[in-house]
Amino acid sequence: MSGAFGYRPRPIVVSPPLEYISGDRQPSGPLAWHLPGTSPEVAASFISWTGMAGADQARLVNTARPNPAIGGLSLYPDEAFVRGLPQEVRARLYTKLAQTPLNAAQAESYRFLGSSAAEWFAGSPISADTRRLVEPLIYRDGPFLHFADLEVIHPEIKDSNEWRLLRKALMRSSTLMVRLTVDSAADVTALAHYWGAGGRRLDIRPLLESVAGAPDRSIDVIHLLPALARNNLYRYPKLTAADLDRPVLENCLWTALNFFAPDPNDRFLDLQTALNALKNDYYVVESGFELGDIVAFLDGNGTLFHAAVHLADGLAFTKNGTSPMAPWTIMSIENIRAFYKARSENARLIYHRRKDL
């Protein structure tokens, strides 16, 4: 593309409807942190590495118990110990614990792309008392704030509505609204060629011509996206009774492989089918990325753990997780990489383009 145009991203925050959030609370078992394949000596070294005070190190080591099921150890801290962890220690400890799915609270922590707890909870109706419970337990990893201690504060929030309001606030997602600005000197034909990929160029060009001649000369890119992205962006999956029989809900691969599809195909919910389609129906591109290219995120073993759709200017359309509480969003590709840091410290990115486009 060439000509005078640009992109203006603006951060916004979305959260699931309160109607989606249950007030039910399952009884929690004892707090446990699992260290698979770890000897007592390695566990002690790891605990020391977190920067924990010497007395706290000894206190935690004393809770270690052999766990034959994981070939390692499990630690059983009490709630007072967890609450007393300094933020920087909590961050180092939990970031490492998150690298195994056995530590579900850390691996699936609530996370928010922002600078402070005040930003995370801005405008939320949760009480001041609830915030005082939560905020000391928040920690940072890269650009994201994390919270992984819902079980710790669980007994202290008695009101079921307050519990739902807290979970809604914790599930907030930071995303971007992006406007494309089209100067009068812009090459509208080239822009229409780019944003009209997938057989939509005749639909997109008149819209861009109109934008180029309008006083504001800008448009939200949601109006330039194919139907699947346009209909789902900033929204959450709507579950029906039929969904209860599906083995998997809409996920990142389903989203990426259906990006240009007028009618989404649920065969891509099957992991092997989705991977075969990516292998057989796409080819790898190294540069000159285009709308709809699939960005595959691979860990150190070469295993694909996430897929997103390249939009433009380093931005991607993504669904981070299979949960119905995970919305479809626009994020920078680097922030998606940071979102999945526990899965891979430095994910390898491979871009794929459909052979028939």
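Hi everyone, this is a short walk through a three-stranded sheet, a buried histidine and two residues with positive phi. Please keep in mind that this is a predicted model.

Let's start with the sheet. In what order do its three strands run? The order is S1-S8-S9, in an open sheet with antiparallel pairing. S1, which covers 5-14, and S9 stand at the edges with a single partner strand each, so one side of each has no neighbour in the sheet. From one strand to the next, the twist averages 25°.

If you'd like to follow the pairing on screen, go to S1 and S8, the latter being residues 173-182. These two strands pair in the antiparallel sense over 10 bridges. To get your bearings, find Gly 6, whose bridge partner in S8 is Thr 181. Now look for helix H11, which lies across S8 and S9 and runs at about 75° to S8.

H11 spans 201-213, and the loop between this helix and strand S9 (218-220) takes us to Arg 217. Arg 217 is not a glycine, yet its phi is positive, at about 55°. Is Arg 217 buried, exposed or partly exposed? Its relative accessibility is 32%, so Arg 217 counts as partly exposed.

Our other positive phi belongs to Tyr 234, again not a glycine, with a value of about 70°. You'll find Tyr 234 in the loop between helix H12 (227-232) and helix H13 (252-257). Why does Tyr 234 count as buried? Its relative accessibility is 15%, and buried means under 20%.

Finally, let's visit the histidine. His 306 sits in strand S12, residues 304-310. His 306 is buried, with a relative accessible area of 1%. Which side chains make polar contacts with the His 306 side chain? One is the side chain of Thr 318, at 2.9 Å. Another is the side chain of Tyr 340, at 3.2 Å.

What else does His 306 touch, leaving aside residues up to four places away in sequence? Besides Thr 318 and Tyr 340, the list has Cys 252, Val 295, Ala 296, Phe 297, Lys 319, Asn 320 and Ile 336.

So, three places to click on while you have the model open: the S1-S8-S9 sheet with H11 lying across S8 and S9, the loop residues Arg 217 and Tyr 234 with their positive phi, and buried His 306 with its polar contacts to Thr 318 and Tyr 340. Thanks for listening!

Notes
Residues are numbered from 1 along each chain as its sequence is written. This is a predicted model: local features need pLDDT of at least 70, side-chain atom pairs count only at pLDDT 80 or more; totals for chains, interfaces and linings use all residues. Side-chain values use heavy atoms; hydrogens and water are left out. Helices (H or I, at least four residues) and strands (E, at least two) are DSSP runs, numbered from the N terminus. Buried means under 20% relative accessible area, exposed over 50%, partly exposed in between (1.4 Å probe, protein chains only). Two strands pair if DSSP finds at least two bridges between them. Axes are lines fitted to C-alpha atoms, for helices over the stretch in contact, and angles run from 0 to 180 degrees between N-to-C directions. Contact means heavy atoms within 4.5 Å. A polar contact is a pair of N or O atoms within 3.5 Å; within protein, one must be able to donate a hydrogen and the other to accept it, and residues adjacent in sequence count only if both atoms are side-chain atoms.
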